[in-house]
Amino acid sequence: MKLNWAERWAVNNPVRVFEQRLEINALHRAAALRPGSTVLEIGAGRGAGAEIIIEKFKPSRLHLMDLDREMIIKARKRLAASDHPPVSSCVADVLRLPYNDAMFDAVFGFGVLHHVPDWRGGLAEIARVLRTGGCYFFEELYPSLYQNFITRHILLHPTENRFKSEDWKAALRQQNLKVVKTLEKKMLGILGAAVKE
Ligand SMILES: C[S@@+](CC[C@H](N)C(=O)[O-])C[C@H]1O[C@@H](n2cnc3c(N)ncnc32)[C@H](O)[C@@H]1O
């Protein structure tokens, strides 16, 4: 599901970049990547997170994808600098990732799957494209944050089939994604890293 005006404003601003920098630093402390890694960011938005992923994790190749063409256009402009490692990007749905099985050493997803009605299907696709031993780095929000009595009138999210802490962790286990580190606030959401077994 694409973002409405309010969430576009919330993610396309410097406070979000600051928050992502703190989160990516924490994720880097949780699990580093081997040299020469090939990395995917799903729901990459305007590419601000991708810049920080490049800086901290130093992948050799980075693929970005998002459902929203406008976001991908912004990301391409942002990442046009020649001193980055090769970055490719496409407009696609996380439910049908246009990548081969076991193609990535890591997949990053910041605030994406809670926008997807069939979020378990998205998780299955992430597990499919990760190699065994590869790492899924995630930041996800719970409905108590984005569908409370105030936010449900401002933000636009799917209303059915929402996940909370236990649903999310069970779905990770079902995809053989073993959590190695999480920082969780049960009323807000979860930041973490999970390795594909
Ligand atoms: C809350 S924004 C987060 C953007 C960026 N990752 C960030 O943290 O600033 C969620 C992003 O996921 C994208 N998105 C939503 N549903 C998607 C889907 N089914 N497949 C791929 N991307 C999706 C939206 O277009 C949006 O760019």
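1. First, a bit of vocabulary: Ala, Val, Leu, Ile, Met, Phe, Trp, Tyr, Cys and Pro count as nonpolar, Asp, Glu, Lys and Arg as charged, and the others, Gly among them, as polar. With that, the shell around the ligand splits into 11 nonpolar, 6 polar and 6 charged residues.

2. A word on the source: this is a predicted model, where local features need pLDDT of at least 70, side-chain atom pairs count only at pLDDT 80 or more, and totals for chains, interfaces and linings use all residues. Residues are numbered from 1 along each chain as its sequence is written.

3. Back to the ligand: 23 residues surround it (C-beta atom, placed from the backbone, within 6 Å), and the closest are Gly43, Gly45, Asp68, Val94 and Phe110. Helix 1 (5–11) and helix 2 (14–30) are the elements giving two or more residues to this shell. Helices (H or I, at least four residues) and strands (E, at least two) are DSSP runs, numbered from the N terminus.

4. Next, the sheet. Its 7 strands form an open sheet with mixed pairing, in the order 3-2-1-4-5-7-6; two strands pair if DSSP finds at least two bridges between them. Strand 3 (87–91) and strand 6 (177–185) are at the edges with a single partner strand each, so one side of each has no neighbour in the sheet.

5. Which strand pairs with strand 1 (residues 38–42) in the parallel sense over 4 bridges? Strand 4 (residues 104–110) does, and valine 39 stands opposite alanine 106 in strand 4.

6. Finally, valine 107: leaving aside neighbours within four places in sequence, its contacts (C-beta atoms, placed from the backbone, within 7 Å) are Leu40, Ile42, Ile126, Val129, Leu130 and Tyr136.

Methods: Contact = placed C-beta atoms within 7 Å.
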